[in-house]
Amino acid sequence: MARSVSSLHGHMNKGRYGAPGKAGVIIEEVAVASHIQISSWPNTTQDIEKVAAKSAGFSTAPGPGKVKRGKTSDLLRIEPLKWWLISNNKEITLPSVSAEKGMVLDLGSSKTLLKITGPQASSLLNNFVPLDLRKQMFLKDDVASTSFHHIGVTIWRNGVGFNLLLARSFALSLWELLEASSHQYGLEIN
């Protein structure tokens, strides 16, 4: 099997940049071993919800706009009829779903995942996404599909900041915007 190379390989140079003092924004790329989409039809949502939860190792699946986080995987309810299982575990196998009940799709390495933390993380992201990312508005384990510079992205709040899932083909141009804007807050790349 071919080994996937990061779309940001050679462009995210670890170090400290921008404004002096403590870094206001910390960014790191997170390796994704599996990205599986599990979809239901309107009349099979409860059945497929159980499949999604079991595939992620949970007893229940998250509700719409929510994330359940585990040790090696996250299960995101990105739409009313659609879940994404994102994992750093290569051993995850595609669940079996009949065409009458839904559909499973291996999205492989189609996305780039960035973890963005630090006291200015929401300020940085609000330069680009049309969401109110304040803690009292976009809560821990909330997920949203939105646009970033006219490009579709998925964002969710984790325990310490945000995860930002970018389409692989646009990841470099969006990274360049994030990096340049982060300098005003002080940027640390891990």
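Visitor: Are Phe-128 and Phe-148 buried or exposed?
Guide: The model is a predicted one, and a residue counts as buried in it when its relative accessible area is under 20%. On that criterion the state of Phe-128 and that of Phe-148 are both buried.

Visitor: How are the rings of Phe-128 and Phe-148 arranged, stacked or edge-to-face?
Guide: By the rule for ring pairs, the count comes to two aromatic pairs. In the pair of Phe-128 and Phe-148 the ring centres are 4.7 Å apart and the planes stand at 15 degrees. Planes under 30 degrees apart count as stacked, so the arrangement of Phe-128 and Phe-148 is stacked.

Visitor: How many residues apart are Phe-128 and Phe-148, and which parts of the chain does the pair link?
Guide: Phe-128 belongs to the loop between α2 (121-125) and β9 (143-148), whereas Phe-148 belongs to strand β9 itself. The pair thus links distant parts of the chain, with a separation of 20 residues.

Visitor: Which sheet has β9 as an edge strand, and in what order do its strands lie?
Guide: β9 and β1 (15-17) are the edge strands of an open sheet, each pairing on one side only. The pairing in this sheet of seven strands is mixed, and the twist from one strand to the next averages 25 degrees. The order of the strands is β1-β12-β2-β8-β11-β10-β9.

Visitor: Which residue is the bridge partner of Ile-116 in β11?
Guide: Strand β11 (residues 161-167) pairs with β8 in the antiparallel sense, over seven bridges. Within this pairing, the partner of Ile-116 is Phe-162.

Visitor: With which residues is Thr-117 in contact, leaving aside its neighbours within four places in sequence?
Guide: Thr-117 lies in strand β8 (residues 111-117). Its relative accessibility is 12%, so Thr-117 counts as buried. Beyond the neighbours within four places in sequence, the residues in contact with Thr-117 are Gly-24, Val-25, Ile-26, Val-160 and Gly-161.

Visitor: What is the arc within which the buried residues of α3 fall, seen down its axis?
Guide: Helix α3 (residues 171-182) reaches 16 Å from its first C-alpha to its last, close to the 16 Å expected for its twelve residues. Its buried residues are Ala-171, Leu-174, Trp-175, Leu-178, Ser-181 and Ser-182. Seen down the axis of α3, these residues line one face of the helix, because they fall within an arc of 135 degrees.

Visitor: How many of the residues of strand β6 are buried?
Guide: Strand β6 (residues 82-87) is covered on both faces. On one side Lys-82, Trp-84 and Ile-86 are buried, and on the other side Trp-83, Leu-85 and Ser-87 are buried. The number of buried residues in β6 is therefore six of six.

Visitor: In what order do the strands lie in the sheet that holds β6?
Guide: β6 pairs in the antiparallel sense with strand β3 (residues 34-40) over six bridges, and six bridges also join it to strand β5 (residues 73-79), again antiparallel. The edge strands of this sheet are β4 (67-69) and β7 (102-106), and neighbouring strands are turned by 15 degrees against each other on average, direction ignored. The order of this open sheet of five strands is β4-β5-β6-β3-β7.

Visitor: Which residue in β6 stands opposite Glu-79?
Guide: A hairpin through two residues joins β5 to β6. In this pair of strands, the residue opposite Glu-79 is Lys-82.

Visitor: Which residue in β7 stands opposite Gln-37?
Guide: β3 and β7 pair in the antiparallel sense over five bridges. On the β7 side, the residue opposite Gln-37 is Leu-105.

Notes
Residues are numbered from 1 along each chain as its sequence is written. This is a predicted model: local features need pLDDT of at least 70, side-chain atom pairs count only at pLDDT 80 or more; totals for chains, interfaces and linings use all residues. Side-chain values use heavy atoms; hydrogens and water are left out. Rings of Phe, Tyr and Trp (its six-membered ring) pair if their centres lie within 6.5 Å; planes under 30 degrees apart count as stacked, over 60 as edge-to-face and the rest as tilted. Helices (H or I, at least four residues) and strands (E, at least two) are DSSP runs, numbered from the N terminus. Buried means under 20% relative accessible area, exposed over 50%, partly exposed in between (1.4 Å probe, protein chains only). The expected span of a helix is 1.5 Å times one less than its number of residues. The arc is that of the directions from the helix axis to the C-beta atoms. Contact means heavy atoms within 4.5 Å. Two strands pair if DSSP finds at least two bridges between them. Axes are lines fitted to C-alpha atoms, for helices over the stretch in contact, and angles run from 0 to 180 degrees between N-to-C directions.
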